[in-house]
Structures are given as structure tokens and as C-alpha cells.
Amino acid sequence: MNNLKEKLFNLIEKKESAMIDIRRHLHQHPELSFEETQTAEYIKSFYEGKDVKVTQPLEKEHAIIVEIKGGQEGRTIGLRADFDALPITEETDVPFKSQNEGVMHACGHDAHTAYLMGLADALIEIKEELPGTVKIIHQHAEEKPPGGAKALVESGALDDLDEVYGIHIVPVAGPEFIGYNKGPSFSGSSTFKLTINGLGGHAASPHKTHDALVAGTNFVNAIQTIVSRRIDPLDMGVVTIGAFEAPGGYNVIQDSVTIKGTARYLNPELEETMYQEIKKIADSVAVGFDIEYDLDYQFGYPVLYNHPEQTDKVAEILSNSKGDYFQQLVEIPQVTGSEDFAYYLQKIPGSFYIVGSKPEGVTEPYMNHHPKFDVNEDCLQVAAKSLGEITLNRLEK
């Protein structure tokens, strides 16, 4: 296995400039979730003429699966990277800045796709020596629930996987850093939109109105008690209001307001609890302020559960390479962000870990989803090599 690992690493190193070019091209041409038509065509064209099977299992969506069948019988390992972008206007000064106004790869999915394409290309070159099959999963729409992973899992296209692995780049440290955790690792999340409908009127006569804005502010204040008073203090829970839309004038009491927010949790049982408590508070506000409401509540991504056996193996495999192409391997705390990779792990054993991507010379980096988010492209090598050696090891199990 060491000889095959060395051969794979040499190929990955030779493909570094190609991976950087891919990442920059994707960064310059970002597309939103479920709209990634040109990105999918670009990825498919990369595999044209290569000895692989390329399929798009979802008729109206853009996911691509590339099957690399080894020369020997063995297990089947899935490797996933997402390729959608965010509705953010880019504020960086890079020469390959987004050409699509209001759309940006502000989460690193361009880098995810680039390192996985580079790794896939290297694996294709040594496929006859692989003891099994690798399925490269180029996934669409991670950023927008219901996400792309759910439909892929439900399609049956991944039913033959023995294990599945993925990476997210995060600028918490430089590319010398790899972080992993096991069990409930990334939070589940749901989103909601509450529309409060009251009776507007003149600001001088509030007694003749049912003030939707006052009702809304009471709702915002009350839902903070869900975490502080309705959830076990040992369970992680977060309720955040992201938007309070109440346009109006100085002397007008509004008919309606719209409130948007999210609920997050690391205990899967809290998914339903959060919904019930938010609805209960909306009901009480309706009674207390004599208003009506509409609650659009969307259950989002489940809690991401890293399987302990596979995660321990990841840590064991990577510990043998610490000091080589990366320097730090750290078991990190649970993460309050969400990931639709959770859907794969509900059905398939595997693990999801992070690679540092903090730009060189930066003390306080801009985090994922910021308009000035940037990537240290050295992370492409670390991601490709780490996922590559995990793949070789797990194929041989």
C-alpha cells in the first residue's frame, strides 16, 4: 500500500497547478444552488475520454457521479464534494473574481470540487492497481434546503457504497491543520418564516389597531426562552432571527411584518421540539395581540453523525502522515454549522472532516459565507492527499 500511496501522492503533486486552475475557473463562474448548469457541464467535460463511467442520476438536478472501477475486486468507497455557490456579492480583489453579479463561491465549494477532480484524475491513472471501486460524487445544491444530498441518497445511486467520506475547508487555521470529530458533529438545522397579520392604522390611534410590529417584537424576545428555559442545558440549541421585515413610515402602524430565522441543535430529538416550541409561542402571541399568523417552517438538514469506527480509522490513517504534508491533527469540538453530508451518513458509514484554509499572512481571516472570504490554495494538496490515503486504506479493509 505504501508504494501505491507514494505513486498517488506524486500524481497529486503533479496536478497541483491544474487543481488551482480549476478552482479559479469555478470561482470566476459561480452558480446558485439548483442552477448549476454550466458548472455541471464543466465537470462532465473534465472526464470526457477518461476510462470511467459518468452518470447524472437525478433527471432535473445537476449531480454527477464518476465511477472509477479498480483492476481488482473489492469494496466501494464514495468521495463527495459540493459545487454550488451563494447569493453574495464578492468583495475580494483577486484577479479571478466572480463574473456573476451577486453570486460568489463564499464557502469554498470551488476548492472542494477542484481537489476532488484532481484526486479523481490521479486515481484514474492508477485504477488498475485499486482493490475496489471509488465513486466520485460531485454534488449540487448543498447551500439550499432540501439540498442535493437527500435526493442522491433517495435515488439509490449510492446503495452500493460501503463507506463515504468528505471534507470542508475552513479558515480556522492554515492548510497545515486537519480537524475531525465523531458522533453528533455538525448541528441539524431548520428554517422558518413567520408572517404576522394585524390591523394597521394611524400612529395617533393605536387603540384602533392590532399592531403587527409590536406582536413581532414580542415573538422575537419570547423565542429566546426556548433555549434558556425549554431545553436541557447540556443540549446545544440555537435560535437566531436573521430578518425582521417591517417597512413603513413614522406615523403608520403596519398591517403585517415578516420574521425569518433558523433553529439549530445537536440532539436529533430537538428537531421536533424546536418546531413545537416556536409554534406555541406564535400561538400565544396571536392570542395576546389579537393578530393572525402564517408559519412556514422547513425542517432542514439533520444532525451530521460521524460514525465512530470510521472516524477513528481516519484519525489513525492520518496520524501516520502527520508531519509530512500537514502538521496538526486535532480532535475538534462539535460544530454548530450544518451540512447536508449528514444525509449520506444517515445511511452509509463514514466521516466528514475539515482542512484548514486560512490565507497566508492573515491574522483574522474572513470566515465562510463572508463577501471577503478567500482560500489558501495549498489546502487543495492537503485535502486531495488526505482523502486519497483514506481511500486507499479503506478499499483494502
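The following questions and answers concern a predicted model.

Student: Which helix gives the most residues to the largest nonpolar core?
Tutor: The largest nonpolar core has 64 residues, and Ile68, Leu79 and Tyr353 touch the most other members. Isoleucine 68, for instance, touches residues including Val52, Ala120, Leu123 and Ile124, leaving aside those up to four places away in sequence. With 10 residues, the helix that gives the most to this core is α4 (residues 109–125).

Student: How many residues are in the other core, the one with Phe192 and Leu266?
Tutor: This core lies apart from the largest one. Among its members are Phe192, Leu194, Leu266 and Ile278. The number of residues in it is 27.

Student: How far apart are the end C-alpha atoms of helix α6, and what span is expected?
Tutor: Helix α6 covers residues 212–230, which is 19 residues. At 1.5 Å a residue it should span 27 Å, and the model agrees with this, because the end C-alpha atoms are apart by 26 Å.

Student: Which elements cover the buried residues of α6?
Tutor: The buried residues of α6 are Ala212, Ala215, Gly216, Phe219, Val220, Ile223 and Ile226. The elements that cover them include β8 (188–197), β10 (237–245), β12 (256–265) and α7 (270–289).

Student: At the start of α6, which backbone nitrogen does a side-chain oxygen of aspartate 211 reach?
Tutor: The two atoms come to within 2.9 Å of each other. That falls inside the 3.5 Å cut-off for a polar contact. The nitrogen belongs to leucine 213.

Student: Why can the buried residues of α8 be said to line one face of the helix?
Tutor: Gln310, Thr311, Val314, Ala315, Ile317 and Leu318 are buried in α8. Seen down the helix axis, these buried residues line one face because they fall within an arc of 165 degrees.

Student: Where is the cis peptide bond from proline 145 to proline 146, and what is its omega?
Tutor: Most peptide bonds are trans. Proline 146 sits in the loop between β4 (131–139) and α5 (149–155). The bond from proline 145 is cis, with omega near 10 degrees.

Student: Is alanine 141 buried or exposed?
Tutor: Alanine 141 is found in the loop between β4 and α5. Its phi is positive, near 55 degrees. Its relative accessible area is 0%, so alanine 141 is buried.

Student: How is phenylalanine 34 classed by its accessibility?
Tutor: Phenylalanine 34 lies in the loop between α2 (16–28) and α3 (37–46), and has a positive phi near 70 degrees. Its relative accessibility is 28%, so phenylalanine 34 counts as partly exposed.

Definitions and conventions:
Residues are numbered from 1 along each chain as its sequence is written. This is a predicted model: local features need pLDDT of at least 70, side-chain atom pairs count only at pLDDT 80 or more; totals for chains, interfaces and linings use all residues. Side-chain values use heavy atoms; hydrogens and water are left out. A nonpolar core is a set of buried Ala, Val, Leu, Ile, Met, Phe, Trp, Tyr and Cys residues joined through side-chain atoms within 4.5 Å. Buried means under 20% relative accessible area, exposed over 50%, partly exposed in between (1.4 Å probe, protein chains only). Helices (H or I, at least four residues) and strands (E, at least two) are DSSP runs, numbered from the N terminus. Contact means heavy atoms within 4.5 Å. The expected span of a helix is 1.5 Å times one less than its number of residues. A polar contact is a pair of N or O atoms within 3.5 Å; within protein, one must be able to donate a hydrogen and the other to accept it, and residues adjacent in sequence count only if both atoms are side-chain atoms. The arc is that of the directions from the helix axis to the C-beta atoms.
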